[in-house]
Amino acid sequence: MPRSLLGLYGVSERRAEFERDGFIVIPGFASASACEQLREAAEALVEAADIASIRTAFDVRGQRHGEDPWFLESGGEVRAFLEPERDDGHARVNKLGHALHDRVPIFDQFSRTPELAALVAELGVAQPRLLQSMVIFKHPRVGGQVTAHQDATYLYTEPQSVIGLWFALEDASLDNGCLELLPGGHRLGLRKRYRREGDRTWTQILDARAWPHDGWRPVEVPAGTLVAFGGLLPHRSAANRSARSRCAYTLHVIDGVAEYAADNWLQRPPDMPLRGF
Ligand SMILES: O=C(O)CCC(=O)C(=O)O
């Protein structure tokens with residue numbers, strides 16, 4: 001078979017897998033040196049942050065950050081969020097968010113590559129808009145749990161269009177809190193919407209059933225792996241109780257042809273419209 005046809009075959013298979021399971025895993029998408037450079041850049045941003053003055057602990061269980069301007073106004077900024085058991089040390093930064101891809105050149109370059117643009121097009125996004133980016137640190141022994149959720153809860157578009165691009169910047173395994181996905185769970189429907197009214201947020205329950213207990217797949221992967229998953233796919237990760245750090249970079253892309261909800265928590269400043277690749 002000519003190369004071009006082989007290529008075509010590969011493309012359609014990957015898309016079919018994404019539609020069937022709700023996600024795809026691509027080992028070796030990012031080089032070891034790119035992962036290292038992003039980690040170093042993230043650490044430099046943490047060093048520069050005035051941790052002692054940051055009051056918000058990013059606690060996905062309690063949603064305590066939901067009414068804090070530090071969180072609500074971070075859609076166009078690069079801000080540090082702390083683990084719930086905070087102190088004044090840098091080791092307890094949980095994540096950086098939410099516009100690294102637009103504010104920090106090295107994250108901009110990493111996020112806007114022809115390879116990523118081609119992948120997102122292959123997964124069906126017609127007019128990609130890079131909405132949100134985060135570095136999630138999961139420091140040894142203090143990195144917190146991320147409870148099961150769907151990204152469309154937080155980044156709702158009509159129709160659903162958000163895709164999460166999750167890059168392992170370090171090796172991830174069950175003991176340091178790797179991503180866990182529920183294959184096929186994207187067909188279970190959206191369970192919650194996280195809505196904003198001015199400087200307040202609330203969670204609307206659309207379907208109160210608990211997630212299935214069984215069937216979760218730990219995504220144990222080496223650094224450089226890309227996991228791409230749709231906004232309806234349930235995912236979670238356990239706390240890092242190990243001595244090994246588990247750092248990841250995530251980028252969320254929506255489709256410009258879909259309508260971005262005016263009451264999503266993340267709203268960009270008017271002078272920073274969303275851009276594509
Ligand atoms: O990195 C994690 O543990 C969770 C990531 C996540 O929830 C996301 O990228 O949407």
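Okay, let's start with arginine 275, which is partly exposed, with a relative accessible area of 38%. Keep in mind that this is a predicted model.

So who does arginine 275 pair with? Its salt-bridge partner is aspartate 102, with the closest N and O atoms 3.0 Å apart. That pair links distant parts of the chain: aspartate 102 sits in helix 4, arginine 275 in the segment after strand 15 (259-260), and their positions lie 173 residues apart.

Aspartate 102 has another salt bridge, this one to arginine 112, at 2.9 Å from N to O. Here the two are ten residues apart, with arginine 112 in the loop between helix 5 (105-111) and helix 6 (114-122). Buried or exposed? Arginine 112 counts as buried because its relative accessibility is 14%, and aspartate 102 counts as buried at 18%. Zooming out, Asp102, Asp108, Arg112, Arg268 and Arg275 are linked in a network of salt bridges.

Elsewhere, aspartate 207 bridges to arginine 209, with N and O 2.7 Å apart at the closest, and arginine 209 counts as exposed at 54%. The whole structure has 16 salt bridges.

Now, the ligand. The shell around the ligand has four nonpolar, five polar and three charged residues. Strand 5 (146-149), strand 13 (235-237) and strand 14 (248-255) each supply at least two of them. Which side chains have an N or O atom by a ligand oxygen? Tryptophan 166 does, at 2.9 Å; arginine 246 has a polar side-chain atom 2.8 Å from one; and for histidine 252 the distance is 3.5 Å. Taken alone the ligand exposes 300 Å², and the protein buries 96% of that.

Notes
Residues numbered from 1 in each chain as written. Predicted model: local features only at pLDDT ≥ 70, side-chain atom pairs only at ≥ 80, totals over all residues. Heavy atoms only, no water. Polar contact = N/O pair within 3.5 Å; in protein donor to acceptor, adjacent residues only side chain to side chain. Areas by Shrake-Rupley, 256 points an atom, 1.4 Å probe, with all protein chains shown as cover. Helix = DSSP H or I, 4+ residues; strand = E, 2+ residues; numbered from the N terminus. Nonpolar A, V, L, I, M, F, W, Y, C, P; charged D, E, K, R; others polar. Salt bridge = Lys/Arg side-chain N within 4 Å of Asp/Glu carboxyl O. Buried < 20%, exposed > 50% of the residue type's maximum accessible area, 1.4 Å probe, protein only.
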